[in-house]
Amino acid sequence: MGLHVDDHSNYNVLSRIATSDGHGENSSYFDGWKAYDNDPFHPIDNPKGVIQMGLAENQLCLDLTHQWIKQNPQASICTGEGVSEFKDVANFQDYHGLPDFRKAIARFMGKARGGGAKFDPERIVMSGGATGAQENIAFCLANPGEAFLIPTPYYPGFDRDFRWRTGVQLLPIQCHSFNNFKITEPALVTAYQTAQRSNITVKGILVTNPSNPLGTTLDRETLRTLVSFANEKRIHLVCDEIFSGTVFDRPTYVSVSEIVEEEPYYDRDLIHIVYSLSKDLGVPGFRVGVIYSYNDAVVSCARKMSSFGLVSTQTQHLLASMLGDDDFTTKFLAESRRRLSRRHKVFTAGLHRVGIKCLESNAGLFCWMNLKHLLNEATVEAELELWRVIIKEVKLNMSPGSSFHCSEPGWFRVCFANMDDNTMETALKRIRTFVDRGNDTTAAQAKKKKKWSDGSLRLSLPRRIEELSIMTPRLISPHSPLVQAAT
Amino acid sequence: MVKGAESCVPLSEVATSNTHGEDSPYFAGWKAYDEDPYDAASNPAGVIQMGLAENQVSFDLLEKYLDQHPEASGWGCGISGFRENALFQDYHGLQAFRQEMATFMEQIREGRAKFDPERIVLTAGATAANELLTFILADPGDCLLIPTPYYPGFDRDLRWRTGVRIIPVHCSSSNGFQVTLQALEDAYVKAEGMKIRVRGLLLTNPSNPLGTATTGHVLEEVLDFVTQKDIHLISDEIYSGSVFSSDEFVSVAEIVEARGYKDCDRVHIVYSLSKDLGLPGFRVGAIYSYNDRVVTAARRMSSFTLVSSQTQRMLASMLADREFTETYLKTNRERLKKRHDFITEGLKNAGIECLPGNAGLFCWMNLAPLLEEPTKEGELRLWSLIVHEAKLNISPGSSCHCSEAGWFRVCFANMSQQTLEVALRRIKDFTENMKAKQEK
């Protein structure tokens, strides 16, 4: 044929992207799901099942959204009250999005951030969830082989979203518990210089604020450091503010948009925000992602690219109406924060009672739990061993810190907003039992160094996702960890 | 570096390239329309949009259905239905919806092919489906072969972010622009000569912009060709429900089944509800692949472009009503045929020949006799006159990579009957003026 022919048939060989593991499903972030999938907790049908605490969903306020929808049938294009709009809405495929939708999103973004900044509807670009937004922005800002710096620990999904099809790299800015994982300037500089020494071009920084998995918000000083560094190096700053509406406690949330407005000295062409309604509004199924860029060229490019992941106009129409209802959004955001705060307090207090500390946090749908004291040794292997025991013995699925690229073993992210109060209590009871038993064991085996690697506690979970998918072919999920298709 | 010394921060090469394709005349005409859109009452002298392949002829059927079936609109009375749906982000897609999509695709083909819901991967529109398949089947620098003329959007969808190239398979009016084995071979050899690896062939069936369904004979040849070359076949069947006579459509799925599913790992079908159901805003696309690895990879990749669960749920409900879908498909075909016959008659009246078509939302019109010179430039000059003088936005064949100058795609299903009549009058006036000028 004159061309290089692979050993296998040409058609059997898919692309490098398709055959790589850039999809990220081999991460231990996803490994725990089989246990949950095979044995999901149900208060009545399966009270001994595995409780899902690895899924950062906000299920606390769906009743409020549901109620609004019932009271506003005209917002649906399929009801008698709304069907007159059906044709125009169903036919509309302009990638600018419905004007009312963009206006409503811009307004909601401002309110979710406590009113500290205003957002221009003209800069709102849609995407297929924040997953799509992250990929889109990576395509716009960086070439294959170039890199973004990212503070650890970070959401494992970024490894796929930012890198898989784009070929862009993510290089860590190491953060540590001694200063509550703060992003420091020396850490930034180190990360940047490390990249330079490896001849990797750094194109930007990606931060999540509030942080997943830490649940903390960036202070003004850190934000200014980031913006200043980006300016100095002429690189981009992408702020994923997907959890901005979940800030339930002081300190007050500061969005990068406020820095942009306060500091005209900095080049706003470098600043881009990723947002979504999946967490704040609790509607991940609706796939509403947003790129908000202060850079006109990026808005233009991202908008063209959004053709690959537009929001259904049926959904745009509904949300334009809902988020355009000022009364509703004000009440919703306040109530959501209140419920999250209460849930957070109950959960962390419950953990505290059994000697488990969490990183002090004021946002998000999870806690960053410190289980270092339960490790045999301060290694990733020990952390994963403990994690397997937690799944098997405690019947809780939570996410090991190593899957978030945390530099210190022993941290776990545990989600608390994706269940009702009773399930939360059950989870806490189980943790209490586990810790108490561990204490008894320790007392009885005071001289033994190993706590959890007793052979009888060995978990027979497959380590790798390939085995998982053979066993349960219908397993995997979108961007958040594996969720079984129940319908 | 001091701010101001370089106010332009580098974006990526993908961002700064123009492979997004919006500089093509395909889109330039839309600008003329956007600036001066026709409205029967408020702007009767405005530009009529005939460059948009939308299906607006059957909306009333959908509206009537929704009016009579309120259960399709909501999530039921209890909160649990809403909660489950709002939280549902599984990239397998709603089982019920996939089931209905599979059945709908079978209905369109009148049971001549079977579709397994487990092989359906949902994406936000066929735009995403085509790009996704390209990411999976080809590496940057590789190419896909596409018969010309083809939908201009492919230049963006298949190439922009993927880095994959398109090598055209030139088709000619001498045989109604049908794909020939010779043309396929020529394109393949050309790619080889350029040291570009061919990974697949993309066929749109029925064709956009031709408005013709590919014959079973040609499909067999195409399948033999891709098998012999050991490459993939993507069959974009987005207009499959818009064939005026349902028995004139042969899907590649039928050929695959007739061959006992032998060697079908290389076959992938793209579908969408944007044309057949006229719902482009809802972003409902699908990939149907006979290749397990492709299904798995596509499913994972669809994370970037899932269909709203709200929309999945509503459409699952609607498509489950078999009586409705049967009636809809039948009525839609009839109306499209009627429109098609009306416009081709009107064009004939104006002395314009169209390629005989049996599908789609458009005609492939031959204006070569009106060209000053049979070149791309001549075609674009004529097109400019049509946009600015006749005030009609139609799509020049060169934007579809047609190898012969003078062909234009004109859409007929995205406007009312009255508007179509106005458009035909303008075309007649225009051609008469042109002929008069030519005779001088």
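These are my notebook entries on a predicted model, chain by chain and contact by contact.

**Ground rules.** Local features need pLDDT of at least 70 and side-chain atom pairs count only at pLDDT 80 or more, while totals for chains, interfaces and linings use all residues; side-chain values use heavy atoms, with hydrogens and water left out. Residues are numbered from 1 along each chain as its sequence is written, and chains are lettered from A and ligands numbered from 1 in the order in which they are written.

**Chain A overall.** I looked up the secondary structure of chain A and got 17 helices and 13 strands. Those are DSSP runs, numbered from the N terminus: H or I of at least four residues for helices, E of at least two for strands. Of its 487 residues, 64% are buried (under 20% relative accessible area; exposed is over 50%, partly exposed in between; 1.4 Å probe, protein chains only). I then checked contacts (heavy atoms within 4.5 Å): among those in chain A with a separation of 6 or more, 76% are between residues 24 or more positions apart. The accessible surface of chain A is about 18,000 Å², and 50% of that belongs to carbon and sulfur atoms. Areas are Shrake-Rupley with a 1.4 Å probe, and for residues only the protein chains shown count as cover.

**A:S15.** I found A:S15 in the segment before helix 1 (16-19) of chain A. What does A:S15 touch, leaving out residues up to four places away in sequence? I get B:F135, B:I136, B:L137, B:A138, B:D139 and B:R199. A:S15 has a relative accessible area of 1%, so I logged it as buried.

**Helix 4 against helix 4.** Next I took helix 4 of chain A (residues 62-71) and helix 4 of chain B (residues 79-87), whose axes come within 10 Å and cross at roughly 110°. The axes are lines fitted to C-alpha atoms, for helices over the stretch in contact, and angles run from 0 to 180 degrees between N-to-C directions. The two helices are therefore roughly perpendicular (65 to 115 degrees; under 35 is roughly parallel, over 145 roughly antiparallel, the rest oblique). On the chain A side I listed A:L62, A:D63, A:T65, A:H66 and A:I69, which meet B:I79, B:F82, B:R83, B:A86 and B:L87. By type, the residues of this contact are six nonpolar, two polar and two charged. Here Ala, Val, Leu, Ile, Met, Phe, Trp, Tyr, Cys and Pro count as nonpolar, Asp, Glu, Lys and Arg as charged, and the others, Gly among them, as polar.

**A:G204.** A:G204 sits in strand 5 (residues 202-208) of chain A, and its relative accessibility of 0% makes it buried. Beyond residues up to four places away in sequence, I see A:G204 touching A:A147, A:F148, A:L149, A:I235 and A:H236.

**Helix 11 of chain B.** Why is helix 11 (residues 292-301) of chain B largely enclosed by the rest of the structure? Because seven of its ten residues are buried. Those buried residues pack against helix 1 of chain A, and, within chain B, against helix 5 (95-108), strand 2 (120-123), helix 6 (125-137), strand 7 (267-272) and strand 8 (285-289).

**Backbone oddments.** I noted a cis peptide bond from A:N212 to A:P213, with omega near 20°. A second cis bond joins B:N205 and B:P206, with omega about 0°. B:F177 is not a glycine, yet its phi is positive, near 60°; B:F177 is buried at 3% relative accessible area.
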